[in-house]
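Q: Please give a close account of one part of this model, chain C, and of what surrounds it. I would like the terms defined as they arise.

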Amino acid sequence: MFYREAGDFKTSYSDDGQTFPIAFDRWRYYAVMAVAFLVIPFLINDYWEKSILMPFLVWSTVAIGLNILTGYCGQLSLGTGGFMAVGAYASYKLMTAFPELNIFFVVLLSGGITALVGVLFGLPSMRIKGFYLAVATLAAQFFLVWLFNKVPWFYNYSASGQITAPERSVFGILVTGPNAAPWATYLFALVILTGLAWVARNLTRGRVGRSWMAIRDMDIAAEIIGVNPLATKLSAFAVSSFYIGVGGALFFSVYLGAAEVGEAFGIDKSFLVLFMIIIGGLGSIFGSFAGAAFMVLLPVLLKNVLVGGLGWPTDLAAHLQMLIVGGLIVLFLILEPHGLAQLWRIAKEKLRLWPFPH
Amino acid sequence: MKLKLALLAASMLTAAGPAAADLTFPMLSYRTGAYANNGIPFADGYHDYLTLVNERDGGIGGEKIRITECETAYNTEKGVECYESTKGEGALIYQPLSTGITYQIIPKATADGIAIHSMGYGRTSAADGKVFKWVFNYPGTYWDAASVMVKHIIDVEGGDVSGKTIALLYHNSAYGKEPIRTLEELSKKHGFKLQLLAVDHPGLEQKSQWLEIRRSRPDYVLMWGWGAMNPTAIQEAANVRYPMDHFIGVWWSGSENDVKQAGDRADGYKAVTFHGVGDDYPIYDDLKTHVTDKGLAAGAGDQLGTVLYNRGMYAAMLAVEAAKTAQEIHGTAAIDAAMMRDGMEALEITEEKMAALGLPGFGPAFSVSCADHGGPGIGMIQQWDAKAGEYTIITDQIEPDREVIGPLIEEDASAFAAEAGIEPRACE
Amino acid sequence: MSIEALNLIEVLINGLMAGVMYALVALGFVLIFKSSGIFNYAQGVMALFAAMTLVGLQTGQVPFAHLLNAITGMHVTHFGWNMPSGLAILLTLGVMVGLAFLVERLVLKHLVNQEPIILFMATIGLAFFLEGFGDLMWTAEIKQLDVGLPGGLSEWFEGASMALADPEAGYWGMYVDKLDVTAAVVAALLVISLTLFSQYTRAGRALRAVADDHQAALSVGISLRFIWVMVWSIAGLVALVAGIMWGSKTGVQTSLSLIALKALPVLMLGGFTSIPGAIVGGLIIGAGEKLFEYFVTSDAFHGLTGFNIDATENWFAYVLALLFLVFRPQGLFGDRIIERV
C-alpha cells in the first residue's frame, strides 16, 4: 500500500475536510488507538504506569493546553505551573467537599475553574506582548503558588499543607488512591486525553482556531480584517487554561495522589511544558504529544542507560543527564527549530512522493 | 528492524532485572538539584555503612546487601519513578529522604506492603503505629524536636520562659510548617509569645525577616530551614549581631555546610540533633580499613565525620539492626519486606548494642512497639565551635514533652485515618 | 524622628540595597537583549558557573575530579595550591570569555534569524547544559566564597543613625550590610564603565550600532559575530560580579542560579533594552517588595484587615511590575514599541 491520496476518492465535503485525508494515515491512527485502548491495558504494570504512561498522558494534556495559547495564539506564557495548581487544588476541594460527585466531573469542573482563573490572568495580554507578557504570566505563577501555600482553606487546614487525594471510582472501579489498578488510572486519563485532543484538533481547524492563528501571525492585521483581539486572546487563555487545569487535576488526583504546591507546581513545571511544545512543535497537536513523550522518556532512558546499563554513580549520571538534555535541546533547535512535528511533516511529504521524488 | 529498536528501547526503559536472594536496600538520594549539598553527605554515609556491613561482616546474617541507589534530586515525580522502578526488586525498606516524597509514597508503600522509615522527617503523625502500620519515624519527629528546643530554652532561662518571645524562622513549605502547631501548644503551656517568620524557597534573600527580628528582638530564634536558606540565615543573623547561642536550628539546619560561609561569626550557633557528632567513634577505624582504604567510599569520599554523614550512617545502622531483628524473629536470613517490617516494629537499640557496633553513646537507647513507631524523641543540643571547625554536644539527652505532643499526634493520625478510610488496628 | 519613621527608612534603605543586588543580575540580561534580541535565560546559571569556577580556581580544585576518579580509578581532588583572589578573578574572566566564544560558535551562529522564542529556548537549553557541566566540573557541594570583600553590619552607620532618634527612646540604630554597600559601589562603577565603553570606544560604538539596527550595522562592515562574542563576554563579566556578590552572601551552591528569577521583574519594569532602566527598576522592585512585606506583616495591617499574610516578596515584585506594564507596555525606559502592518 502506498502512502498517497491517489486512488482514494472523496465523495463529500466532509470526507475532503477530514483530519487524516490519506487512507494509510487513517489506518495507522486506528491502529494506534486500538493498541492504546485494547492492548496496553492488559500489559501495563505499576512501573510503566507511574513512570512512563501516566506522566506522558498528563503532560500531553497540559502541553496541548499550552500549545493552544502559545503555539496557536502566539501568547507566550510561563504561568503553566500555577494554572496546574489551580486545577489540582480545585479537584481536591471538589473531591472533599462533594464526596458523591463522580471523579470524571470533578476533573472537568476543575478545568472549568482553571479557565476562569486563566481568563483573569489573561487580561493583561490586551496591553502587554512578547517577553513582557511571558514575565507577566510569572506573576500568576508565583501568586497562585503563594496563595495555595498561605491560605489553609485550600488544603483543608491539614498540619503541613500537603493535599492527598481520597479514593474515588468510576463505574465502581477505583481510579484514584493507592489501591487503584494501573490499567484503570491509565484508561481514565487516556479517555479524557483522547476526548480533549479530539476537541482541540477540531477547534484549531475551525473558525476559533483560525482567529487564534490570525492573532498569532500579526495581531494588528488581524484586528483590521475583523478579528476581535479581546475575545480571541481571552478565548485562547480560557481554552488553554481549561486543558492545563484538567492536566493539573489528573496530575494530582490520578498520577501522584499527593502534592505540595511549591514543590509540585513550581516554576520548573512551566519551563518543562514550554520545552515540550517547542521540541514537539509549536502549533501542532501531534507536536504536543511528541514533545511530551520526548521530555518524559528521555530522562528515564538516559538514567537507565547510564546507571542501570553502565553502572555509573547516580550523581555523575544525573549531572550528565542534565548536560545531555540541555545539549539536545540546543541541537534540536539548531537542526529543526519547528520541532518534531516538522520532521514528521517532512517525512510525510517525502513518503507521498516516494519512490519518484521528481 | 523497527520492532527490534522498539524492543531495545522498551528494555532500556525498564530498569535492570532483579538479582536473586540478596537483601535489597533501595536508596533514594539526591546528589543534584537545589538541596544537593545536604543530600550528598547523607547519601555517602548511608552507602558507606552498608558497604562496611558487606565488606566486614559479609552482609547481614550471611546475606549480602544490594544497594540500589536512585537519584531523586528532591523532586517528587522522580521520587515516585525511583520508588516504582526499585520496588519490584524485592525492596525491603524505603528511606525517601524528603518530606514531599514521604507523603507521596506513604499510601503507595502501605498498599504494596513495604515499610518506610522516615528518620527525623516526613509525616510526624506516622508515629502512631495503630494507623500507620507500614511507616516508622523513630527515633524522633519534628514535634519532638520543637519540644526539645523549647525545653533547652527553659533550661537556659532557669525554668521560666513566660513573657519571653520565641521566633520561628521557617521554610515556607510542608516541612517548615510542621512545628507550628506544637509550638503554639507549647506557647500556651509555658506562656511564651510565638512569632512566625516565613521564608520562601530558595531563601537567598532574607532581609525583611532579619530586619523584623532586629526590630522586635525575640529572645530566641528557632529555625526550620533547608538548603540555601540555612547559610543565608546564619550569615544574616551574624550581620545583625543576633546572639548566636540564642539561635537554634532543627537537625536539618545544623550541618557544617550551613555555618561555614559565615566563618567565625557563626561561633556558638546551636542545633538540635538525635545522634553523635564527629568521627571520634571506633566505627571510623572499621570504615577506614574496610571501605575508604579499599577505594569503596561512595561519592567523593570527603564527607566522613560530618553531621549529615553521621546521620546517613545512623539511618543505615538502624535499618541493618532492624533486618537483624527480623532475621531473628522469623528464623531465616532471606527476609522479605513484610518480615522486615516486623523487625522494625520489634527493634530495640540499647547502649550495649551501639557499643558493640562501634558507636557507643551515638544515639538514644530506645525500642519500637506496635503502637509507637516514633521512638522516644530524645534530642541533644549541639553547638558550633568555629575555631575548631566542629560541632560539640553541649547537653545531656533531653526528653520531649509527650504530654503535649501525644494528643497532637493522635488527633492528626485519626484525622488521616478518617480521611483515608483506615480502621486503626488494635495493639495488644 | 520617631522610631516608626526610622524603621521605615531602614526598610527602605535595605530594600534599595537589595534592589541593587537584583539589578546586578538584570544588567547581564539587558546587555544581551539589547545587542542581539536574545532573552538570555542562562544569565543566572552563568553567575553560578562563574562563582563556581572562581572558587574552584582559588582553592585549586581539580576540574572533573569526580568523573576522572570514576573512570580511571584515581583519587584526585585538589592541586594543592591557593590562588590569590585577583588572579583567580582574572582567570575566571578568561573562562567566561572562552564560554562566550563557544556559545557564539556552537549555538548562536546556527540560530541567526530564528524567532525570539526559539532563541529563548536555546538559552534555556544552554542553562541546563551549563548547570550540568558546572556540577560535573566542580561538584555540586556547597563552597565558601571569600575574595576579601567587607561584610557585616556597618557600625558607623548604626551609630550615626542612632543619633537621629530621641536618646531616651532606646533606638539602636539602623542596619546596613557592608557587602550591600560594596555591591552598590561596584554596580555604579560597572554602569559608569559600561556607559563610557559604549560611548567612547570603537567597539562600543559598533555595539550601539548593532543594537540600533542589525542590518544597517552589517552593511557598514561591523562584524556581528565579533559583537556577539564581545557582548556575551561582557555579560560573563557581569555574571561574575553578580556571582561574587551573591556567593559571598549565601555560599556557592546550585540554588544561586535562581537569582535569575529575582531579576526578571526588574527587567520588566525597567525595560529589556535600557541599562539605567535595570538599575532604576531594581531599586523600585527592591524597595517596593521590602516596604510591602513590612506593611503587610505590621500589626497595624493585621489589626485593620484581619489578614495574616507574609512571605509576599516572590510574587509582589512580579505583580508590581505587571501593574507598571499595564500603563507602559515597554517598561519604564524600554524602546517604544512601534507596530506596523
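A: The answer takes the two interfaces of this chain in turn and then the nonpolar core. The model is a predicted one, in which local features need pLDDT of at least 70 and side-chain atom pairs count only at pLDDT 80 or more, while totals for chains, interfaces and linings use all residues. Residues are numbered from 1 along each chain as its sequence is written, and chains are lettered from A and ligands numbered from 1 in the order in which they are written.

The interface with chain A comes first. Here 41 residues of chain C meet 37 residues of chain A, two residues being in contact if their C-beta atoms, placed from the backbone, lie within 7 Å. On the chain A side, two or more residues each come from helix 6 (130-150), helix 9 (219-224), helix 12 (267-280) and helix 14 (314-335); helices are DSSP runs of H or I with at least four residues, numbered from the N terminus. Helix 14 of chain A gives the largest share of that side, 12 residues. By class, the side of chain A that touches chain C holds 31 nonpolar, 3 polar and 3 charged residues. In this count Ala, Val, Leu, Ile, Met, Phe, Trp, Tyr, Cys and Pro are nonpolar, Asp, Glu, Lys and Arg are charged, and the others, Gly among them, are polar.

Next is the interface with chain B, where 35 residues of chain C meet 34 residues of chain B. At least two residues of the chain C side come from each of helix 1 (3-36), helix 10 (224-250), helix 11 (259-270), helix 12 (275-297) and helix 14 (313-327) of chain C. The largest share of this side, 5 residues, belongs to helix 1 of chain C. Its residues divide into 11 nonpolar, 14 polar and 10 charged.

Chain C also enters the largest nonpolar core, which has 368 residues. Such a core is a set of buried Ala, Val, Leu, Ile, Met, Phe, Trp, Tyr and Cys residues joined through C-beta atoms within 7 Å, where buried means that 20 or more other C-beta atoms lie within 10 Å of the residue's own. The residues with the most contacts inside this core are Leu24(C), Ala26(C), Ala47(C), Ala51(C), Leu267(C) and Ala189(A).

Which residues does Leu267(C) touch? Leaving aside residues up to four places away in sequence, Leu267(C) touches Ala26(C), Phe29(C), Val30(C), Phe272(C), Ala278(C) and Gly281(C), together with Val135(A).

Definitions and conventions:
A residue is buried if 20 or more other C-beta atoms lie within 10 Å of its own, exposed if 12 or fewer, and partly exposed in between; C-beta atoms are placed from the backbone.
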